[in-house]
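Dear colleague,

Please find below the structure that I am handing over to you. My notes on what was found in it follow directly after.

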Amino acid sequence: MSTGEIKIYKDLMGENDKWAGNIRKMRRENGISMINIIGSPGCGKTALLESMIKKLGEVSNFAVLEGDVETTNDAVRLKALDIEVSQLISGGACHLEAKLVHNAISDLDLEKIDMVIVENVGNLVCPAEFDIGEDAKVAVLSVTEGEDKPVKYPLLFQEAKCSVVSKMDLLEHLDFDIEKCISNIKKVNPRLPIFKLASLTGEGVDDWIAWVQEQLENAKKSSGSS
Amino acid sequence: MHELSLCKTIVDTVLEQMKKHDLPRGSLLSTKIDVGAMRQIVYEQMQFAYEVLTKNTIAAGSELDITVLPVIIKCNSCGWKGETDTIMAYCPECFSVDTIMLQGKELTLEKLEVR
Ligand SMILES: [Zn+2]
């Protein structure tokens with residue numbers, strides 16, 4: 001019996017990347033920025049959202065796509081800020097794929113929105129693999145986790161455009177080596193901006209807000225251009 | 001478990017190709033894929049998903065053959081080029097951070113081995 005082969009060369013991310021491209025096109029036409037927040041459950045993603053919406057919500061319109069509700073109160077907390085929140089049902093998947101995100105964004109009133117914030121499913125592995133048409137992935141790590149996470153999950157920190165070390169107010173009570181954490185992040189991605197902050201006390205939040213504002217401005221500037 | 005959704009794409013393509021080439025059940029020996037070392041894929045989970053998804057299809061009994069491609073970077077400062085540890089983003093020669101990754105994030109279905 002003879003054997004043979006059929007050559008294929010199919011990029012397995014091709015379909016996802018096509019949808020991600022559609023999202024970018026749709027956003028560019030409307031001058032909308034988009035960030036994709038990735039971190040473990042309980043790392044403070046929702047508090048981070050709250051703090052930026054409270055600071056910038058007066059002048060900019062946000063839409064939140066929730067892939068991970070950390071507690072049942074999270075959606076309620078965000079609704080209370082008077083912003084549009086869509087729940088994304090990933091069907092038990094460990095990450096969000098571009099097609100699902102595309103459908104959710106298509107349902108929004110794009111003319112009224114300045115930024116789409118995606119709160120991805122709570123893990124550091126799978127969401128890092130998928131392009132969902134965002135401007136920036138934001139890697140969030142709280143001081144209640146391990147300093148070694150950046151080297152354990154290098155892809156996320158390589159793909160990210162900025163990193164947030166959250167819950168800094170708890171640092172004094174913990175055995176967390178912040179310097180080691182920062183050096184681990186730099187080992188994986190030496191150019192990554194790192195924001196050390198505490199959403200609860202407001203410590204360090206201004207620098208983070210300035211970064212978000214930069215994203216908003218960049219999207220407006222490149223609006224309409226291809 | 002993004003292995004499952006990736007494997008779904010693989011198996012869908014395999015079945016499509018088998019139909020296109022008129023290949024009967026049992027004729028597919030293996031499906032070859034290339035995976036960059038930077039990709040966080042659990043190979044055992046990938047194999048398991050492949051087995052589950054091909055079960056009761058014309059591709060049943062075939063194997064998933066995974067080739068891991070090492071990370072290769074090129075340094076823009078000193079010109080060094082070579083394989084590197086997946087977590088290191090800087091040049092091992094001159095420690096410059098101005099590097100580009102030439103290989104390591106691949107995820108491609110390469111070919112089917114048939115009889
Ligand atoms: Zn070099």
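**Findings: two residues, then the whole chain**

V140(A) counts as buried, at a relative accessibility of 1%. Please bear in mind throughout that this is a predicted model.

V140(A) belongs to strand 6 of chain A, which covers residues 136-142. Apart from its neighbours within four places in sequence, V140(A) is in contact with I37(A), I38(A), G39(A), S40(A), C43(A), L48(A), L124(A), V164(A) and S166(A). For one of these partners, L48(A), a C-alpha distance is also available: 9.3 Å from V140(A), with the two positions 92 residues apart along the chain.

S166(A), another partner of V140(A), is located in strand 7 of chain A, residues 162-166. Is S166(A) buried or exposed? Its relative accessible area is 4%, and the cut-off for a buried residue is under 20%, so S166(A) is buried. Not counting residues up to four places away in sequence, S166(A) touches C43(A), V140(A), L141(A), S142(A), V143(A) and L197(A). C43(A) therefore appears in the contact lists of both V140(A) and S166(A).

Turning to chain A as a whole, its secondary structure consists of nine helices and eight strands. The globule rule gives 17 Å for 226 residues, and the radius of gyration of chain A is close to this at 18 Å, so the chain is as compact as a globular protein of that length. Along the principal axes, the C-alpha atoms of chain A fill a box of roughly 70 × 45 × 35 Å.

Of the 226 residues in chain A, 53% are buried. Among the contacts in chain A with a separation of 6 or more, 76% are between residues 24 or more positions apart. The accessible surface of the chain is about 10100 Å², and carbon and sulfur atoms account for 48% of that surface. Chain A carries 26 positive and 37 negative charges, and the mean positions of the two sets lie 4 Å apart.

Finally, the contact between the chains involves 32 residues from chain A and 33 residues from chain B. Together the two chains bury about 3000 Å², with 63% of this area on carbon and sulfur atoms. Which three residues of chain B supply more of the area that it buries against chain A than any other three? They are H2(B), Q40(B) and I87(B), which supply 21% of that area.

Yours sincerely

Conventions
Residues are numbered from 1 along each chain as its sequence is written. Chains are lettered from A and ligands numbered from 1 in the order in which they are written. This is a predicted model: local features need pLDDT of at least 70, side-chain atom pairs count only at pLDDT 80 or more; totals for chains, interfaces and linings use all residues. Side-chain values use heavy atoms; hydrogens and water are left out. Helices (H or I, at least four residues) and strands (E, at least two) are DSSP runs, numbered from the N terminus. The radius of gyration is taken over C-alpha atoms; the globule rule is 2.2 Å times the number of residues to the power 0.38. Buried means under 20% relative accessible area, exposed over 50%, partly exposed in between (1.4 Å probe, protein chains only). Contact means heavy atoms within 4.5 Å. Accessible areas come from the Shrake-Rupley method with a 1.4 Å probe; for residues, only the protein chains shown count as cover. Lys and Arg count as positive and Asp and Glu as negative; His and the chain ends are not counted. The place of a charge is taken as NZ of Lys, CZ of Arg, CG of Asp or CD of Glu. Buried area is the accessible area (1.4 Å probe) that two parts lose on being put together, summed over both.
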